[in-house]
Amino acid sequence: MALNLTRLRTYVMKKLLFATLLLLSGASVFAQTKAERDLETAVRKYNAMRDFAGSLKPSTVTDADITSISNSVEEGLTLLDPIIKTESGQIADVARYFRANYLYQKGFTLGMKGRMTEAFDLLRSIDSDINGFTSSRFPLRYVFEGRNFIIKWENFAPTQAEYNVSMTEFYFGKKDFTNALAYAAKANENSSYLSDYLR
């Protein structure tokens, strides 16, 4: 009887071990890659930075606020740039999208603080990224905290339109009316996404 009980235990242990191995091998299929983990971390940091930047006002924004945002941008780009360089397809497009938005937030905040030359130089450097996102490149899909997220054109178009209005203002202030008019035309392409003030 003791021999049969030992065999039964051995049999059950083998089955449990086999089931555990099967479960673990199945879990690895759903595990995130390093690029997916880095993208998720960058998105989490971007959301926190955007919320912080959204709480700032031109009358109260400080140099310390700019430093905080600059540090967040550097942390985000450190995660996103390798994804852009080594990955392709949807994950690379999503990384490019968040990279452009990180830098746009920094440029916008610099402008709010009155650091116009820095803001202009930064915003001009991301023009091909911001205006390179057209409606045909959407939707963008990614996984964040175990859920599927979709970025639609309608989510980004207001930012692009606002960017083009800002560039219109910068060039108009420099009396570069040719570029001011070109950016005004780009902004008007998305006029349905502009507030009355920006229109």
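**Confidence, core and helix packing in the predicted model**

The chain of this predicted model averages a pLDDT of 86, and 84% of its residues score at least 70. Residues 1-29 fall below a pLDDT of 50. Beyond near neighbours in sequence, this stretch has 0 contacts in the model. Where pLDDT is low, the predicted coordinates should not be read in detail.

The largest nonpolar core holds 49 residues. Within this core, Leu39 and Phe98 touch the most other members. Several elements each supply at least two core residues: helix 2, helix 3 (63-86), helix 4 (89-113), helix 5 (116-125), strand 1 (140-144), helix 7 and helix 8. Helix 4 gives the most, with 11 residues. In soluble globular proteins, nonpolar side chains tend to be buried together.

The contacts of leucine 39, leaving aside neighbours within four places in sequence, are Leu80, Ile83, Ile91, Val94, Ala95 and Tyr142. Glutamate 40 lies in helix 2 (residues 34-54). Glutamate 40 counts as buried because its relative accessibility is 11%, below the 20% cut-off. With neighbours within four places again set aside, glutamate 40 is in contact with Gln32, Val143, Phe144 and Glu145.

Helix 3 has 24 residues and, at 1.5 Å a residue, should span 34 Å. The end C-alpha atoms of helix 3 are 35 Å apart, which agrees. Helix 3 nevertheless bends by about 30° at leucine 77. Leucine 77 is itself one of the buried residues of helix 3. Others buried in this helix include Asp65, Ile66, Ile69, Ser70, Ser72, Val73 and Gly76. Leu79, Leu80, Ile83 and Ile84 are also among them. The buried residues of helix 3 pack against helix 2 and helix 4.

Helix 8 (residues 177-189) comprises 13 residues, for which 1.5 Å a residue gives an expected span of 18 Å. Its end C-alpha atoms are 18 Å apart, in agreement. Ala180, Tyr183 and Ala187 are buried in helix 8. Seen down the helix axis, the buried residues fall within an arc of 70°, so they line one face of helix 8. These buried residues pack against helix 6 (127-132) and helix 7 (153-173). The face turned away from the buried side carries the exposed residues Thr178, Leu181 and Glu189.

Notes
Residues are numbered from 1 along each chain as its sequence is written. This is a predicted model: local features need pLDDT of at least 70, side-chain atom pairs count only at pLDDT 80 or more; totals for chains, interfaces and linings use all residues. Side-chain values use heavy atoms; hydrogens and water are left out. Helices (H or I, at least four residues) and strands (E, at least two) are DSSP runs, numbered from the N terminus. The expected span of a helix is 1.5 Å times one less than its number of residues. Buried means under 20% relative accessible area, exposed over 50%, partly exposed in between (1.4 Å probe, protein chains only). The arc is that of the directions from the helix axis to the C-beta atoms. Contact means heavy atoms within 4.5 Å. pLDDT is the predictor's confidence in each residue, from 0 to 100. A nonpolar core is a set of buried Ala, Val, Leu, Ile, Met, Phe, Trp, Tyr and Cys residues joined through side-chain atoms within 4.5 Å. The bend at a residue is the angle between axes fitted to the seven residues ending there and the seven starting there.
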